[in-house]
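Please look over the sequence and the model below before reading on. The text then goes from the whole chain to particular places in it.

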Amino acid sequence: MKRKLWIITAVVAVILIAFGSYTVYSKRNNRPRTVVATRQKVYLIGIDGASWNLMRKPMAEGKLPNFQRLMQNGSYGPLKSFIPTKSPILWTSIATGKKYKKHGIGNYVAEKDGKMIPVSGNQRITKAFWNIVSDYGLTVGVVNWWVTWPPEEVNGYMVSDRYRNGHPEKLDQPVTYPASLIKELPPVGTSMERYMEDRRKYGLPEELHPDAESKNIEMMVNSYKQYWSQDRAVRESCRRLIASRNVDVFGVVFRIVDVSSHLLWTYLDLKMLDELRAKDAAGKLTQQDIDRIDEAYSKIVGGVYQYADDILGDFISKSDANTNFIICSDHGFKFEDGRYGHASMKTPPDGIVILAGPAFRKNYKIDGATQLDITPTLLYLEGIPVGRDMDGTILLHAFDPSFIKLHHPTVVDSHDHGKRQQGQALSSGQDQEILEDLKSLGYIQ
Ligand SMILES: [Zn+2]
């Protein structure tokens, strides 16, 4: 009898696997959810501030082979950004598929007891992809995503963005989920030799000569070594985690392209800067002028993109036949009002998106993608329904028709079962340091 039951169970299992559908039980709320098993793995790699206009030249020179490889193996194009063009808001939109009024993260800082303190993750009022993926019983790993402290309980692990500030002992809540994970990660901080080695390797200016006009630049220059050491620690954490823990969806954000792009334009030839500033003031700036200064700037900042390219190489070397890449940025950079930036511009500069791997069309240019489409696209890749309350849609035109044929897109009204309560911003011993960091980038006064 027992044997018969076993045979029936096995037959049912085979049928379910053959039809690619099975039921999983969420660990967190025991609600059974059915997903159509796509068995696709995802590496979602965020590169804060990455911008096509500054990548064109190093790419043409063959200096970004991993970006190029992914583009040839996927769909790519501009990724529309939004106002306010601020990283915590935008990365939360990317992670939720919702505009900031629906996700609740509206700035770098929040007010608590009449004081400005850094915004914290408990202020988000809707689920992010890591919650939804967990609800459906799939596994997820998240590293250094903006506004993820305190870390959330997920079906996998989370290294919150406060890890990069070092000194987790200054926080009265863990910096990772599970809390013990921090023991496996490298400490943040790097020696001057190591930093100079990176600077030479990627051809970054050795002598920092800040532009006297920018009051923030001196602070920023002093922080630059710190930014390199943060991204270095995040990169090493990713290497360790993707080697030790296999998850269905892995997401990370790197920040060095953004902070470098804020700083390094002050190395542009002053004559050129003055000439274009004068033209701009007279309303005579042409597309040709913009192309010329973009090219000049990409010679300076190109090394940072090479560094990002090396990071992609880490992930490519760990990918297999079922791995899909989603590479994106929250905004780009453009020359406007005599400087390079992304905030307070007439229109926010587009970011980048590359969708590569077995599920996607190859070497295919897409248009019209917005950062609100990233989470719906990721959920579809995993066979999870998209929420009707999301502002973005699945980037179906980026997918290979054979994938669409096999996997019908599904929807639910919402993944939020009752609204998440917005918590008060949480103070910590890192607040001062984080506020200084934001000041040095000119994000707050
Ligand atoms: Zn940003």
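The paragraphs below treat the overall make-up, a helix pair, a pocket, and then several loops.

This is a predicted model. The protein has 14 helices and 18 strands. It contains 445 residues, and 57% of them are buried. Taking contacts between residues at least 6 apart in sequence, 73% join residues that are at least 24 apart.

One example of packing between elements that are separate in sequence is the pair H3 and H11. Helix H3 covers residues 65–72 and helix H11 covers residues 287–318; their axes are 7 Å apart and make an angle of about 55 degrees. H3 is therefore oblique to H11, since an angle of this kind falls outside the parallel, antiparallel and perpendicular ranges. On the H3 side, the residues that meet H11 are Pro65, Asn66, Phe67, Arg69 and Leu70. Their partners in H11 are Tyr305, Ala308, Asp309, Asp310, Leu312, Gly313 and Ile316. Sorted by class, this contact has seven nonpolar, two polar and three charged residues.

The next feature is a pocket. The second largest pocket holds about 310 Å³ of space. It is lined by 17 residues, and those closest to its centre are Arg194, Arg232, Ala233, Glu236 and Arg239. Helix H7 (192–201) and helix H8 (217–244) are the elements that give two or more residues to this lining. H8 gives the most, with six residues. What classes of residue make up the lining of the second largest pocket? There are eight charged residues, six nonpolar and three polar.

Two cis peptide bonds can be located in loops. One of them joins tryptophan 149 and proline 150, with omega about 0 degrees. Proline 150 lies in the loop that runs between strand E7 (140–143) and strand E8 (156–159). The other runs from tyrosine 177 to proline 178, and its omega is near -10 degrees. Proline 178 is in the loop between strand E9 (176–177) and H7, and H7 is one of the helices that line the second largest pocket.

Backbone geometry also marks two aspartates. Aspartate 113 is a residue other than glycine with a positive phi, near 50 degrees. It sits in the loop between strand E5 (109–112) and strand E6 (115–118). Is aspartate 113 buried or exposed? Its relative accessible area is 69%, so aspartate 113 counts as exposed. Aspartate 337 likewise has a positive phi near 50 degrees. Its place is the loop between strand E12 (334–336) and E13. With a relative accessible area of 52%, aspartate 337 is exposed, because the cut-off for that class is over 50%.

The strand that follows aspartate 337, E13, leads on to the last site. Lysine 346 lies in the loop between strand E13 (339–341) and strand E14 (351–356). Its relative accessibility is 65%, so lysine 346 counts as exposed. Which residues does lysine 346 contact, leaving aside its neighbours within four places in sequence? They are Ile83 and Glu336. Glu336 falls within strand E12 (334–336), which precedes the loop of aspartate 337. Isoleucine 83 is 263 residues away from lysine 346 along the chain, yet the C-alpha atoms of the two are separated by 9.5 Å.

Conventions:
Residues numbered from 1 in each chain as written. Predicted model: local features only at pLDDT ≥ 70, side-chain atom pairs only at ≥ 80, totals over all residues. Heavy atoms only, no water. 1 Å grid on protein atoms, 1.4 Å probe; cavity = no way out; pocket = protein on both sides within 12 Å on 5 of 7 lines; lining within 4 Å. Points joined across faces, edges and corners; volume = space filled by probe spheres on them. Helix = DSSP H or I, 4+ residues; strand = E, 2+ residues; numbered from the N terminus. Nonpolar A, V, L, I, M, F, W, Y, C, P; charged D, E, K, R; others polar. Axes fitted to C-alpha atoms, helices over the stretch in contact; angles between N-to-C directions. Parallel < 35°, antiparallel > 145°, perpendicular 65-115°, else oblique. Contact = heavy atoms within 4.5 Å. Buried < 20%, exposed > 50% of the residue type's maximum accessible area, 1.4 Å probe, protein only.
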